[in-house]
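Student: Hi! Could you walk me through the empty spaces and the surface of this protein?

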Amino acid sequence: MASALTLPAPLKKAFSLFPLQTHPPVPFTVRFPLVKPTLWIAPPETSSLGHVSLLSTDVECLKWQAYIALRGLADIAVRWDIPPEGAMGGRLPTLHIPGTVTNGNLLTAEDIPSWVDSQSTTGVDALDGYKDEHAKDESHAWVSLLEGVVHAALILSGSTSSPFDIFTHLSGDNRRPIEAILNPPPAPLTGFSSFLPAFGANISLSALHPQYTEAINAVSERLGEDTWFLGSANPTALDALLFAYVHRILHTGDVTRLEVARHANLVAWERRVKTKVEAAFRIAPKH
């Protein structure tokens, strides 16, 4: 059935002057194809002597670096010239792996364990590497402690309060706010009686310090002289998480660092694991 709508003759004549033309796709040639897995991380530290570490200053990125290394993978490239806005989901880390796509595939942090399982020669059992079911259940409590009180202390470490803290959400930082980390959550920064909507968290490092000290003491006591946390025969995801926090805390410059530094077993454990983690990474080649 022909359409009842027709173009007016003048408009039809005008369109005829601009015929639709199609062209074949322009071939895309990759000058420097990806040859090895590359982890995009937040920038590492540079020492006063100019030595650049390969370990990220961001605890989330460092956690995944440790996870990859402790699962036995090696020769992984790292680069830190890509901002979070250029990463998958708008946050680092992102893993760039060679694949069927023209220049490889990009994986979010949540996809890293599946990729590591496909690459590692040592699989993970039903207990996720823990020695028994009790240790596996106990690991959840330690994860909560590290990602709660210890993480909050790391955020507050070295920071100074400002009357403009209420506007920090405008910076685009999409990390979890500190009031979502602590349980129970602290009072809002705006106060309970303010005419402004409740926002932020009114908490200082000194107020959190007793809980933080208790947490570090508990971690040190539970680690003891074991090779891996909770007495596991091989490193687990919890060891990667613990290393990320202990390493970053030891590189702060205030009382937060002192609480960890006074535990010789934590310092020695961090140094040993650091050697393993650093050995697994290389600087990505620049083209």
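Tutor: Happy to; we'll go through a cavity, a pocket and a surface patch, keeping in mind that this is a predicted model.

Student: How many cavities of 30 Å³ or more are there?

Tutor: There is one, and the volume of this largest cavity is about 50 Å³.

Student: Which residues line the largest cavity?

Tutor: The lining is made of L146, V150, I216, V219, L242, Y245, V246, I249, V260 and L266. By class, that gives 10 nonpolar residues, with no polar and no charged ones.

Student: And which element supplies the largest share of that lining?

Tutor: That would be α6, with four residues. Helices α4 (133-156), α5 (205-223) and α6 (237-249) each contribute at least two.

Student: Okay, switching to pockets. How much space is in the second largest one?

Tutor: About 660 Å³. Its lining has 28 residues, and Y67, D128, T236, A237 and L238 lie nearest the centre. Two or more lining residues come from each of α2 (59-70), α4 and α6.

Student: Which of them gives the most?

Tutor: α4 does, with five residues.

Student: What classes of residue are in the lining of that pocket?

Tutor: It's a mix: 13 nonpolar, eight polar and seven charged.

Student: Now the surface. Which residues form a nonpolar patch there?

Tutor: L7, L11 and F15 do, and together they have about 280 Å² of accessible area. L11 sits in helix α1, residues 9-16.

Student: Why does L11 qualify for a patch?

Tutor: L11 has a relative accessible area of 36%, and patch residues need over 30%, so L11 clears that cut-off while counting as partly exposed.

Methods:
Residues are numbered from 1 along each chain as its sequence is written. This is a predicted model: local features need pLDDT of at least 70, side-chain atom pairs count only at pLDDT 80 or more; totals for chains, interfaces and linings use all residues. Side-chain values use heavy atoms; hydrogens and water are left out. Patches are made of residues with over 30% relative accessible area and no salt bridge: like charges are joined within 9 Å, nonpolar side chains (Val, Leu, Ile, Met, Phe, Trp, Tyr) within 5 Å. Accessible areas come from the Shrake-Rupley method with a 1.4 Å probe; for residues, only the protein chains shown count as cover. A salt bridge is a side-chain nitrogen of Lys or Arg within 4 Å of a carboxyl oxygen of Asp or Glu. Buried means under 20% relative accessible area, exposed over 50%, partly exposed in between (1.4 Å probe, protein chains only). On a 1 Å grid over the protein atoms alone, a cavity is a set of points where a 1.4 Å probe fits but cannot get out, and a pocket is an open set with protein on both sides within 12 Å along at least five of seven lines; lining residues have an atom within 4 Å of a point. Grid points are joined across faces, edges and corners, and a volume is the space filled by probe spheres set on the points. Ala, Val, Leu, Ile, Met, Phe, Trp, Tyr, Cys and Pro count as nonpolar, Asp, Glu, Lys and Arg as charged, and the others, Gly among them, as polar.
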